[in-house]
Amino acid sequence: MKHAIEYFSSQWYPYPWPNAVNLGGHGAGMEYPGIVFDGWQDKNDLLFWITTHELGHGWFPMIVGSNERRHAFMDEGFNTFIDAYASQHFNHGEYAPKKDAEYAPQTGDPAKDIVPVLTAPDAPTLMMPAELVPEKYRHKVTYFKGAYGLTLLREKILGPERFDPAFRAYIRTWAFKHPTPSDFFRFMSSEAGEDLTWFWRGWYFENWWPQYRLDGFVQNPASQGGENTVTVGVRNEGKLMLPVLLRVTWQDGTHTERLIPTEAWMLHDRLSLSFPGHGTPTTIALDPNQGLPIPDRRGLILIPETSTHP
Ligand SMILES: [Zn+2]
């Protein structure tokens, strides 16, 4: 309790009530301003997560008063997002997402666990009114996809140095008021200084996902006195163009990386990227750290010796 209140207060917005009570009860976790409940038999990971989560509701929706009956992702999803970082902060990640965690329920890796949710033909979108979300998707979509959307925005799109001040300003501006999703979307685009419409559309209004493939490579021999270059082809086959890292590893063990931004795909579905060469590449990899929820991961790695040129 002490950790959750101190961490959320310093990271996002000060806890405004004079006390906090956590009661071990006979039901599941439940939140009220200043008092929360967990199960009296909860232990370890579950005790940490339920306590942190119920206290986290002090911020969403008790401070930022979104309509949880209508837009549940602004309550459960936003709260689960801040809980995931709290779990990484507490005791060096002792209770950070693992299998069966509230966040990333299958493997503990949200980029893997979200794929079946994104690609399920019957999954509701985040914008589906809460009462119309089937029970089997309530947790997967409202909590997990809602939380992971903010993680993608923080880690893959804006970076913490732009996301954190923007999200703090959102909380501060909408504290004790009633924002709708469009208030949140406009506010974050404005504070981040970037048009994020493509992300709101793909992640919240639709169930879109990223899908990229490598499209071969060409070695261009050095001109006189110059360096040789390597040109790598990349293809977009998805609808959610999250920024994707391209890494070329050279024979001497060094590598060159380039982040392909969303804007690169505005007019094209194919790109050619040239790198100053250090001889023949040993590996060319898209999303080498497997940080993006790309459903089909074939075609993301190219080993030049065995590949054919386009
Ligand atoms: Zn909750």
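1. Donors are N, O and S atoms within 2.8 Å of the metal. By that rule, the zinc ion in this predicted model has donors that follow the spacing H-x3-H-x18-E along the chain. The residues behind that pattern are His 53, His 57 and Glu 76. Each histidine coordinates through NE2. Glu 76 is listed twice, each time through OE. The distances run from 2.0 to 2.7 Å.

2. What is the geometry of the zinc site? The site is irregular, with angles of 53 to 147 degrees among the four donor atoms. A tetrahedral label would need all angles between 85 and 135 degrees, so this range does not qualify. Water is not among the atoms, so sites may look incomplete. Keep that in mind when reading the zinc ion's list of donors.

3. The zinc site also links separate elements. His 53 lies in helix α2, residues 44-56. Glu 76 lies in helix α4, residues 76-89. The pair therefore ties together parts that are 23 residues apart in sequence. Are these two residues buried or exposed? Both His 53 and Glu 76 are buried.

4. Next, the largest pocket. About 490 Å³ of space lies in it. Its lining counts 21 residues. Those nearest the centre of the pocket are His 57, Glu 68, Glu 76, Arg 138 and Tyr 143. Two of these names, His 57 and Glu 76, also appear among the residues that coordinate the zinc ion. Which elements give two or more residues to the lining? They are β2 (30-32), α2 and α7 (135-158).

5. Aromatic contacts deserve a look. The structure holds 39 aromatic pairs. One of them joins Tyr 15 and Trp 59. Their centres are 5.6 Å apart, with 40 degrees between the planes, and the pair is tilted. Tyr 15 sits in the loop between α1 (2-11) and β1 (21-25), while Trp 59 is in helix α3 (residues 58-63), so this pair ties together parts 44 residues apart in sequence. Tyr 15 has a relative accessible area of 16% and is buried. Trp 59, at 1%, is buried too.

6. Phe 199 and Trp 200 give another tilted pair. Their ring centres are 5.9 Å apart, and their planes stand at 55 degrees. Edge-to-face would need over 60 degrees, so the pair counts as tilted. Phe 199 is buried, at 0% relative accessible area. Trp 200 is buried as well, at 5%.

7. Two arginines sit over rings. Arg 154 lies over the face of Tyr 85, at 4.6 Å from the ring centre. The charged end of Arg 258 is placed over the ring of Phe 275, at 4.3 Å from its centre.

8. Now the backbone. Most residues other than glycine have a negative phi, and most peptide bonds are trans. Where is a cis bond found? The peptide bond from Phe 60 to Pro 61 is cis, with omega near 15 degrees. Pro 61 lies in helix α3.

9. Two residues have positive phi without being glycine. Asn 91 has phi near 45 degrees. Asn 91 lies in the loop between α4 and α5 (110-113). Its relative accessible area is 45%, so Asn 91 is partly exposed. Gln 290 has a phi of about 55 degrees. The loop between β9 (281-286) and β10 (301-302) holds Gln 290. At 37% relative accessibility, Gln 290 is also partly exposed.

How values were computed. Residues are numbered from 1 along each chain as its sequence is written. This is a predicted model: local features need pLDDT of at least 70, side-chain atom pairs count only at pLDDT 80 or more; totals for chains, interfaces and linings use all residues. Side-chain values use heavy atoms; hydrogens and water are left out. Donors are N, O and S atoms within 2.8 Å of the metal (3.2 Å for Na, K and Ca); water is not among the atoms, so sites may look incomplete. Four donors count as tetrahedral if all angles lie between 85 and 135 degrees; four count as square planar and six as octahedral if opposite donors are over 155 degrees apart and all others between 65 and 115; anything else is irregular. Helices (H or I, at least four residues) and strands (E, at least two) are DSSP runs, numbered from the N terminus. Buried means under 20% relative accessible area, exposed over 50%, partly exposed in between (1.4 Å probe, protein chains only). Rings of Phe, Tyr and Trp (its six-membered ring) pair if their centres lie within 6.5 Å; planes under 30 degrees apart count as stacked, over 60 as edge-to-face and the rest as tilted. A charge sits over a ring if NZ of Lys or CZ of Arg is within 6 Å of the ring centre and within 35 degrees of the ring normal. On a 1 Å grid over the protein atoms alone, a cavity is a set of points where a 1.4 Å probe fits but cannot get out, and a pocket is an open set with protein on both sides within 12 Å along at least five of seven lines; lining residues have an atom within 4 Å of a point. Grid points are joined across faces, edges and corners, and a volume is the space filled by probe spheres set on the points.
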